[in-house]
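Thanks for coming. I will go through one structure today, starting with a pair of helices and working outwards from there.

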Amino acid sequence: MNETSIHSTRSSTSSETIFEVEDITVEFGMDRGTSRVVDNVSMEIERNEIIGIVGESGSGKSMFASTLLDAVEEPGQVTGTVTYYPEDGEPVDVLDLDEKALRTFRWEEVAMVDQGAMDSFNPTMDIETHFKETLIAHGSDVDGGMEHARELLTELYLDPDRVLGAYPHELSGGMQQRTLIALSLVLKPDVIVMDEPTGALDLLMQRSITGLIAQLHERYGITILFITHDLPLIADLADRIAVMYAFEFVELGPAYDVLKHAAHPYTRALLKAVPNTMTPLEEMAPIEGDSPDPVSVPQGCSYHPRCPLATSKCRETDPGFHDVDTARTAACFHWERSAAAVSYTLSGPNEH
Amino acid sequence: MARTTDSTDERSTDRASTGANDSVVSLEDVRVHFDETGLIDGLRGEDETVRAVDGVSIDIPENEIIALVGESGCGKTTLGKVAVGLQRPTSGTVTYRGQDIWDAKEGNGDPAIPYPEIREALQIIHQDPGSSLNPNRTVLTSLLVPLKLTEPELGPNQREQRVYQLLEYLGMKPSEDYAHRYPHQLSGGEQQRVVLGRALLMSPDVILADEAVSALDVSLRVEMMDLMHDLQSVFDTSFVFVSHDFANARYFAGTVGGKIGVMYLGELVEFGPAEEVIRDPQHPYTKVLSWATPTLDPDLAAEESMDPPVREIDIPDPIDPPSGCRFHTRCPEARAVCETTTPELVATDTDRQTACFRMDETHEYWDSQPITGGNDG
């Protein structure tokens with residue numbers, strides 16, 4: 001990483017940092033070498049924002065999210081620091097928490113929702129018991145908590161009486177996923193990390209849930225990290241978008257700017273490759289080449305073998321972050337020329 | 001029953017079809033009802049029949065691409081399986097070049113086309129390519145099996161060369177390297193290519209691609225669909241592409257002038273050229289799918305409502321589908337008549353069909369009382 005740091009690109013001066021990630025690397029020892037699945041990543045997450053983290057499967061995005069909760073499983077090795085700034089009180093060094101403190105941190109400060117709702121529930125326990133046990137385990141007021149649970153379920157278009165009395169298998173996938181979101185919010189965390197929370201669902205349910213997430217965000221002022229490979233899903237949801245490629249961030253900025261005027265050639269190629277209903281069909285094209293293997297990431301810029309702008313400099317030197325403007329940064333030497341090299345259209349000429 | 005009432009050409013417009021007469025596979029008033037009545041339900045006298053497909057007629061011409069879209073449980077996969085002879089309809093018929101597939105299978109009458117030939121002509125590729133490849137077989141072995149069946153006259157060396165050629169065609173180079181790999185040594189996209197290649201070795205007339213790109217990263221889907229198009233033009237294959245994703249269906253069918261069929265609770269509610277269905281959806285349910293497909297353009301997204309254009313988010317139970325128009329319990333446009341009367345699939349344009357009273361300007365619907373209410377009302 002060079003002298004222009006991602007830290008200098010906060011979207012506004014009034015924003016306040018809730019998570020500060022510095023030089024995080026996650027490595028796994030494998031037979032054929034060390035697999036570095038997060039490569040020296042630094043970024044700040046702002047209080048009350050919805051940040052979308054986008055990348056292909058295996059780009060390191062889920063592993064990055066796991067580091068925020070110190071949830072990287074053995075034999076993964078994490079280095080670097082993750083600092084959490086609570087609304088009141090002292091900053092928390094997340095990677096340094098003991099087991100008990102971590103458990104409290106994970107539910108009461110930062111909650112996690114992933115796509116496998118079914119695996120998150122105990123099949124022998126009804127939903128009400130899930131909520132009650134969670135409240136009891138964290139020493140919360142059960143009556144008040146259950147009242148909040150009912151509110152949350154109602155806001156997620158669920159009938160609290162029906163859902164609380166049901167066993168997990170009696171609910172459809174969409175209902176389970178919404179129930180899991182309600183459960184993760186019952187202890188009123190400040191941050192919620194969602195890793196493909198709608199991945200296993202139908203389009204309509206996906207879109208409905210992202211709408212509900214936006215409403216909950218607005219109502220409770222929660223900071224949301226939404227991790228997905230499905231870029232369109234967060235286009236209308238995220239305040240900022242961070243694009244991951246080959247185990248590091250390549251572009252970060254306000255969602256509008258990243259979508260409309262992407263600076264990194266990879267972001268541009270990705271926007272061109274994502275099927276959607278508005279782009280003229282002839283404008284869509286796949287990204288040439290293959291994603292890199294975590295055991296042997298290309299030297300210099302990791303995207304250079306696939307990049308039409310690559311020069312010898314890109315093959316030798318890691319570009320580090322270059323400021324596109326005060327709010328946006330891209331890890332590319334040639335970002336100013338990317339628009340001319342990789343064109344894309346988000347909607348057709350006949351639309352609006 | 002999904003039938004149109006256009007009378008100008010009774011023979012070709014009373015079903016979802018392109019109007020072409022060179023159908024490879026024809027489905028006629030197909031119903032698939034699964035009896036899910038368990039012992040206890042049976043004792044209680046409760047009937048638990050799931051109406052997965054309920055009265056669909058559709059023609060699949062040569063070299064056509066038809067994308068079937070809808071939510072889980074709408075019957076799109078079941079209908080696709082009927083089309084390739086993997087699911088027996090509980091009523092209605094499915095024919096391959098005029099021969100009833102199930103008559104051929106069971107030797108009823110004197111089949112004009114023997115069943116093994118039909119079986120070879122209709123292939124399927126699944127959503128999860130990993131589970132459809134034998135984990136103990138190399139790519140080469142997996143691909144040699146169908147080749148032995150279809151090209152018995154080839155020698156072992158020739159067959160192997162054929163596999164290498166195919167792998168190159170599928171973009172898996174160096175092909176000799178890929179040929180000796182096991183499925184777990186391939187990425188999801190590469191596994192899907194092998195499955196596609198294996199299906200193509202049978203020189204099929206129709207391939208059912210069941211959520212074939214849904215498991216792939218969004219960034220890899222266009223590439224996979226482009227490959228399927230390339231192969232379609234080489235092998236003269238028709239595709240039935242089943243997807244819950246409107247954007248994928250649009251790309252797969254739209255780039256090659258194919259059709260989209262929208263299904264809801266076992267019925268076909270709209271059918272027509274892909275781009276027309278996407279750009280100008282006629283059925284309120286198609287509009288819901290269109291809303292559900294997020295747009296990438298933040299300017300367009302800002303104009304869209306975050307609230308779903310349905311009165312209920314959750315899909316009704318297919319065991320007890322709503323009366324009248326099955327969509328009336330969720331439809332924002334529903335009126336009293338929709339509760340009692342079932343709209344038929346009617347021609348609304350030269351090659352478009354929609355099952356909604358709103359397409360008929362003189363229908364009693366317009367004098368009927370609007371239905372309101374529902375969770376999301």
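Let me start in chain B, where helices H10(B) and H11(B) pass each other in a right-handed crossing. Before going further, please keep in mind that this is a predicted model. H10 covers residues 188-200 of chain B, and its axis comes within 11 Å of the axis of H11(B), at a crossing angle of roughly 15 degrees. Angles under 35 degrees count as roughly parallel, and H10(B) and H11(B) are therefore roughly parallel to each other.

Which residues of H10(B) and H11(B) meet? From H10(B) there are Gly189(B), Gln192(B), Arg193(B), Leu196(B) and Leu200(B). Facing them in H11(B) are Leu220(B), Met224(B), Leu227(B), Met228(B), Leu231(B) and Phe235(B). Sorted by class, this contact of H10(B) with H11(B) has 8 nonpolar, 2 polar and 1 charged residues.

A second helix pair in chain B is H7, residues 139-150, with H8, residues 156-169. Their axes are 10 Å apart, and the angle between H7(B) and H8(B) is about 115 degrees. The crossing of H7(B) and H8(B) is right-handed. On the H7(B) side, Leu140(B), Leu143(B), Leu144(B), Leu147(B) and Lys148(B) take part. They meet Arg159(B), Glu160(B), Arg162(B), Val163(B) and Leu166(B) of H8(B). By class, the contact of H7(B) with H8(B) has 6 nonpolar and 4 charged residues, and no polar ones.

Now to the two chains together. How many residues of chain B are in contact with chain A? The count is 39 residues of chain B, against 42 residues of chain A. Several helices of chain B each supply at least two residues of the side that touches chain A: H11 (218-235), H12 (246-254), H14 (284-292) and H15 (298-303). So much for where they sit; by class, that side of chain B has 18 nonpolar, 10 polar and 11 charged residues. For the complex, the predictor gives an ipTM of 0.85 and a pTM of 0.88.

Next, chain A. It has an open sheet of 4 strands, in the order E2-E1-E4-E5, with antiparallel pairing. Strand E2 (33-46) and strand E5 (92-93) of chain A are at the edges with a single partner strand each, so one side of each has no neighbour in the sheet. Strand E1 of chain A, residues 17-30, is joined to E2(A) by 10 bridges, and these two strands run antiparallel. Within E1 and E2, as one point to find on the screen, Ile24(A) stands opposite Val41(A). Helix H1 of chain A, residues 61-68, lies across E1, E2 and strand E4 (77-84), and runs at about 60 degrees to E2(A).

Last, confidence. Chain A averages a pLDDT of 90, with 94% of the residues scoring at least 70. Among the elements of chain A, strand E3 (residues 50-54) has the highest mean pLDDT, at 97, and helix H3 (residues 117-120) the lowest, at 74. Over residues 1-5 of chain A the pLDDT stays under 50, and the model has 9 contacts beyond four places in sequence there. Residues 7-13 of chain A are also below 50, with 14 contacts beyond near neighbours in sequence.

Chain B averages 88, and 92% of the residues score at least 70. Its residues 1-13 stay under 50, and the model has 30 contacts beyond four places in sequence for them. Where pLDDT is low, the predicted coordinates should not be read in detail.

Conventions: Residues are numbered from 1 along each chain as its sequence is written. Chains are lettered from A and ligands numbered from 1 in the order in which they are written. This is a predicted model: local features need pLDDT of at least 70, side-chain atom pairs count only at pLDDT 80 or more; totals for chains, interfaces and linings use all residues. Two strands pair if DSSP finds at least two bridges between them. Two residues are in contact if their C-beta atoms, placed from the backbone, lie within 7 Å. Axes are lines fitted to C-alpha atoms, for helices over the stretch in contact, and angles run from 0 to 180 degrees between N-to-C directions. pLDDT is the predictor's confidence in each residue, from 0 to 100. Ala, Val, Leu, Ile, Met, Phe, Trp, Tyr, Cys and Pro count as nonpolar, Asp, Glu, Lys and Arg as charged, and the others, Gly among them, as polar. Angles under 35 degrees count as roughly parallel, over 145 as roughly antiparallel, 65 to 115 as roughly perpendicular and the rest as oblique. A crossing is left-handed if the near helix is turned anticlockwise from the far one by less than a right angle, and right-handed if clockwise.
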